[in-house]
Amino acid sequence: MISFIVPAHNEEAWIARCVSAIRNATESVGEPYELIVVDDSSTDATALVAEALGACVIHVEHRQISATRNAGARRASGDILFFVDGDTLVNTPVIQSALRSTRGGAVGGGCVPRFEGSLPFWWRLFYPFMVGVIRLRRLPGGACQFCTRVAFEAAGGFSESHYAAEDALFVSALKRQGRFVVLAEPVVTSGRSLRAHSCMSVMRLLMRFAFHGPDGFRDRQGLDLWYNPKREEG
């Protein structure tokens with residue numbers, strides 16, 4: 001069985017699209033699945049919307065993406081785990097390709113994100129470079145990652161000592177367990193943060209990662225992009 005784990009904080013504007021995309025894609029594949037939305041301290045209708053669409057909703061008070069994902073994994077019963085952000089849309093080809101990869105011996109993998117909506121000019125210039133790095137280093141972000149349960153447990157889950165870059169640490173841990181893949185098929189994710197934050201603020205985070213690696217993100221300071229985001233209505 002596939003377990004989809006969706007961490008969500010105040011995702012009322014996106015969660016219906018996220019849950020519906022998972023349901024439609026997986027039902028077309030014909031695989032048994034469960035869909036768990038981990039509602040982390042939301043103050044909007046995220047949980048109500050997800051429950052109305054048939055998702056199993058659990059409530060946590062972490063405000064930390066790693067701990068929220070791990071909480072969903074503990075509740076999950078599938079042998080393949082999909083971690084899908086609440087503002088990301090998966091599709092049938094992604095699920096089919098992920099299943100082929102894991103059943104062919106891969107321990108896990110991820111997807112290149114495509115960002116919806118109008119995007120700043122600076123990001124359109126940077127995006128091809130980002131895609132090249134993802135594919136060359138096999139280092140996708142956390143919008144959509146998957147792995148076998150065995151590999152997840154062997155890797156120790158997501159690091160709860162980090163407030164960002166936990167997805168890069170998780171990928172590194174999975175690679176130590178076996179073959180890790182980046183799928184040819186992309187997923188669509190929200191471009192709202194790129195529209196709401198300046199080029200300089202995003203570049204500061206990239207430089208922080210470049211100079212300090214994941215250990216530069218052991219606290220929330222300077223992480224407004226994720227922990228104090230500017231929201232759009234859709």
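# Briefing: a predicted protein model

Arginine 103 counts as exposed, because its relative accessibility is 56% and the cut-off for exposed is over 50%. This residue comes from a predicted model. The protein chain has ten helices and ten strands. Its 234 residues include buried and exposed ones, and 54% of them count as buried.

**Overall build**

- A compact globule with 234 residues would have a radius of gyration near 17 Å. The protein chain has 16 Å, which agrees with that expectation.
- Along the principal axes, the C-alpha atoms fill a box of roughly 45 × 40 × 30 Å.
- Take the contacts between residues at least 6 apart in sequence. Of these, 76% join residues at least 24 apart.
- The protein chain exposes about 10,500 Å². Carbon and sulfur atoms supply 54% of that area.
- The chain carries 25 positive and 24 negative charges. The mean positions of the two sets are 8 Å apart.

**Salt bridges across the chain**

- The structure holds nine salt bridges.
- One of them joins glutamate 31 to arginine 103, with the closest N and O atoms 3.0 Å apart. This pair links distant parts of the chain, 72 residues apart. Glutamate 31 sits in the loop between helix 1 (15-29) and strand 2 (33-40). Arginine 103 belongs to helix 4 (residues 92-103).
- Another salt bridge joins arginine 69 to glutamate 166. Here the closest N and O atoms are 2.6 Å apart. Arginine 69 lies in helix 3 (residues 65-75) and glutamate 166 in helix 7 (residues 166-175), so the pair ties together parts that are 97 residues apart in sequence.
- Are the two partners of that bridge buried or exposed? Arginine 69 is buried, because its relative accessible area is 2% and the cut-off for buried is under 20%. Glutamate 166 also counts as buried, at 5% relative accessibility.

**A salt bridge within one helix**

- Arginine 149 and glutamate 153 meet through their side chains in a salt bridge (3.5 Å, N to O).
- Both residues are in helix 6 (residues 149-155). They are four residues apart, so about one helical turn separates them.
- Arginine 149 is buried, with a relative accessible area of 19%. Glutamate 153 is exposed, with a relative accessible area of 53%.
- Elsewhere, Glu11, Asp87 and Arg192 are joined into one network by salt bridges that share partners.

**Helix 3 and its cover**

- How many of the eleven residues of helix 3 are buried? Eight are, so the helix is mostly covered.
- The buried residues are Ser66, Ala67, Thr68, Arg69, Asn70, Ala71, Gly72 and Ala73.
- Their cover includes strand 1, strand 2, strand 3 (56-60) and strand 4 (80-84). Helix 6 and helix 7 are also part of that cover.

**Isoleucine 5, a buried residue in strand 1**

- Isoleucine 5 is found in strand 1 (residues 2-8). It counts as buried because its relative accessibility is 0%.
- Which residues does isoleucine 5 touch, leaving out those up to four places away in sequence? They are Ile36, Val38, Arg69, Gly72, Ala73, Ala76, Leu81, Phe82, Phe83 and Val84.
- Arg69, Gly72 and Ala73 are among these contacts, and they are also among the buried residues of helix 3.
- Leucine 89 is 84 residues from isoleucine 5 along the chain. The C-alpha atoms of the two are separated by 13 Å.

**Positive phi angles**

- Most residues other than glycine have a negative phi.
- Arginine 63 has a positive phi, near 50°. Arginine 63 is in the loop between strand 3 and helix 3.
- Alanine 165 also has a positive phi, near 65°. Alanine 165 lies in the loop between helix 6 and helix 7. Alanine 165 is buried, with a relative accessible area of 13%.

Key. Residues numbered from 1 in each chain as written. Predicted model: local features only at pLDDT ≥ 70, side-chain atom pairs only at ≥ 80, totals over all residues. Heavy atoms only, no water. Helix = DSSP H or I, 4+ residues; strand = E, 2+ residues; numbered from the N terminus. Rg over C-alpha atoms; globule rule 2.2 N^0.38 Å. Buried < 20%, exposed > 50% of the residue type's maximum accessible area, 1.4 Å probe, protein only. Contact = heavy atoms within 4.5 Å. Areas by Shrake-Rupley, 256 points an atom, 1.4 Å probe, with all protein chains shown as cover. Lys, Arg positive; Asp, Glu negative; His and termini not counted. Charge placed at Lys NZ, Arg CZ, Asp CG, Glu CD. Salt bridge = Lys/Arg side-chain N within 4 Å of Asp/Glu carboxyl O.
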